[in-house]
Amino acid sequence: MMINGVAIVDTFAEAFTMTAVRVIVTAASLEWAQIAANAATGYGASVIGCDTEAGIEPHWANSPDGRPAVSLLFFAFNRQSLEKAVVNRVAQCILTCPTTAVYSANGDSSKKIRIGGNLRYFGDGWQISKQIDRNQETVRFWRIPVMDGEFLCEDTFPTIRSVGGGNFIILGTTPGTALAAAEAAIAAIRQKVEGVIMPFPGGIVRSGSKVGSKYPKLIASTNDAFCPTLRGVVKSELPAETSEAYEIVIDGVSFDSVENAIRVGIVAACIPGVRQISAGNYGGKLGPHHFQLHKILEPEFRR
Amino acid sequence: MILELRHPLTIPLDLEGVLPEALRGSTIRDAAMRAVLHGNRNIELGELFKITPTGHDSDQCDLTFEGDLSHARNLGMGMRSGQITVKGHAGWHAGARMTGGTLLCENAGHWLGAEMSGGHIHVASNAGDQVGAAYGGSRKGMSGGRIVIHGSAGNELGLRMRRGIIEVAGPVGRFAGASMIAGTIVTGTSLGAYAGAGMKRGTIITASAVQPSAGFVASCKFRPPFLPVLSKELFIDRTVFEGVTVHCLRGDLITGGRGEIWEILK
């Protein structure tokens, strides 16, 4: 399959089932909401080394208290680790940030993690619980006194059965082209797709990883098959003349949202100078979600 | 079912037990034979009310009372589900100790929703004293649910209430939220003297000037993020509470000072 002269490899991206939570941060100004959001989602690239994979959803308009709002998505492999990570991040990065408040959004209401209920102890006995009936459900809030007034946080947040690790890899022939293509892909996904985050810095990964290592302590190590400097000494997957490769990793609230992001991203990345677009997988043995690149793109681009 | 009062009541009528869940599946004849206490005599409900079906009473038996029931007592007491509509006055103790369902009425007497723990009560006009209150000797008043009064309410609104929300659009009498344990009271036009006297926790929000008891201290002026969240769910005029700064009073210091009165600043 070719799109704008770029070969789409007949392979698939392999992704995992994860648990996600959506956290809405509001503040007196959009600037403060974004500052809190950036802090809370920092160091949230990959669960290989971080407690959670985190990112900011663009274009979130629904604000529970009418103030500027930003939506964050956090992903982990189970609810326990997700709760621990999000409680710590909200406590250190949002509770501390001027004028902020934190609310939940939609999700599977039968499964929840407790955030406000864990943070309330910071109130040292002066915290106040409030319950409101909203959408035929009783929602509990915690009001914690802080030095600029009150920090408001919902007690529990519904979790979402989600998909993490969707990906595609852009292979460029001249230095800079793959990066430009990756930037275009990220911009397109952010503009057109809802319910996904690209958790790595700028949404782009240069250190794509494979499972395992020659060092027993490491669970992941560099994806040598895509490293241009190792061509000739390892079993490389880089075609001739390829000088750089970048991976886009996508976590989403559903299979469809990740699939849509892969489609939009690949189409945007097919620019002159890009030789090939591939995807990372582990032979289909680890992750239950397989995104076949040709199948995703076929409705629009015939082989 | 529609229960139309045949003659005006002149002596008290105890309607305890005349509930949607109790009459669900009953025939009109069964309902009419139900015993109620009228004065000091047990009589059949059908003697006082003309009962007519509404068509779908078998699976959902909502009750509509027509007539002045200001002499009635305990209407909707202990209701768990369904809806009772009163086209007129609902009497004393209406909706007391209810745990679910909805009670709609035009006016209500004293002890409306006393010690209720769930459900909704909507009063189109006025209610009497001790709305959502604890009965004498009880430790806790209302412990859940919501009472909305679009007119005025009497004294000791929310006395010893433990949880839930009471909204009153019009004037409220003295000692609102007295000895309150928790919960939220929202009032519109005026709040009587000694609001929050002896309150341990809980929040009284008012758009009027406050004359609190001596155990309250001025705390600060601030914009609570909770207020716009709450105001979205209010049934009374919510625009009064949106985007405003409040003057926060903490008290009652006699009982710990963890309660609060928010006076909306114009």
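Which residue in E3(B) is the bridge partner of Leu13(B)? The answer is His38(B), and the rest of this predicted model is easy to walk through from there.

## The sheet around that bridge

Leu13(B) and His38(B) are bridge partners, and the strands to look at here are E2 and E3 of chain B. E2 covers residues 13-14 and E3 covers residues 35-38. They run antiparallel to one another, with two bridges between them.

Zoom out a little and you get an open sheet of four strands in chain B, ordered E4-E3-E2-E7, with mixed pairing. At the edges sit E4 (41-44) and E7 (72-73) of chain B, each of which pairs on one side only. As a reminder, strands of a sheet pair through backbone hydrogen bonds, either parallel or antiparallel.

## The whole chain

Chain B has 17 strands and four helices in total. Its C-alpha trace spans about 60 × 35 × 25 Å along the principal axes.

How does the radius of gyration of chain B fit a compact globule? For 266 residues such a globule would come out near 18 Å, and chain B has 19 Å, so the two agree.

## Packing and surface

Of the 266 residues in chain B, 56% count as buried. Take the contacts in chain B between residues at least 6 apart in sequence: 42% of them join residues at least 24 apart.

On the outside, chain B exposes about 10500 Å², with carbon and sulfur atoms supplying 50% of that. As for charge, chain B carries 26 positive and 23 negative side chains. The centres of those two sets lie 9 Å apart.

Conventions. Residues numbered from 1 in each chain as written. Chains lettered and ligands numbered in written order. Predicted model: local features only at pLDDT ≥ 70, side-chain atom pairs only at ≥ 80, totals over all residues. Heavy atoms only, no water. Pairing = 2+ DSSP bridges. Rg over C-alpha atoms; globule rule 2.2 N^0.38 Å. Buried < 20%, exposed > 50% of the residue type's maximum accessible area, 1.4 Å probe, protein only. Contact = heavy atoms within 4.5 Å. Areas by Shrake-Rupley, 256 points an atom, 1.4 Å probe, with all protein chains shown as cover. Lys, Arg positive; Asp, Glu negative; His and termini not counted. Charge placed at Lys NZ, Arg CZ, Asp CG, Glu CD.
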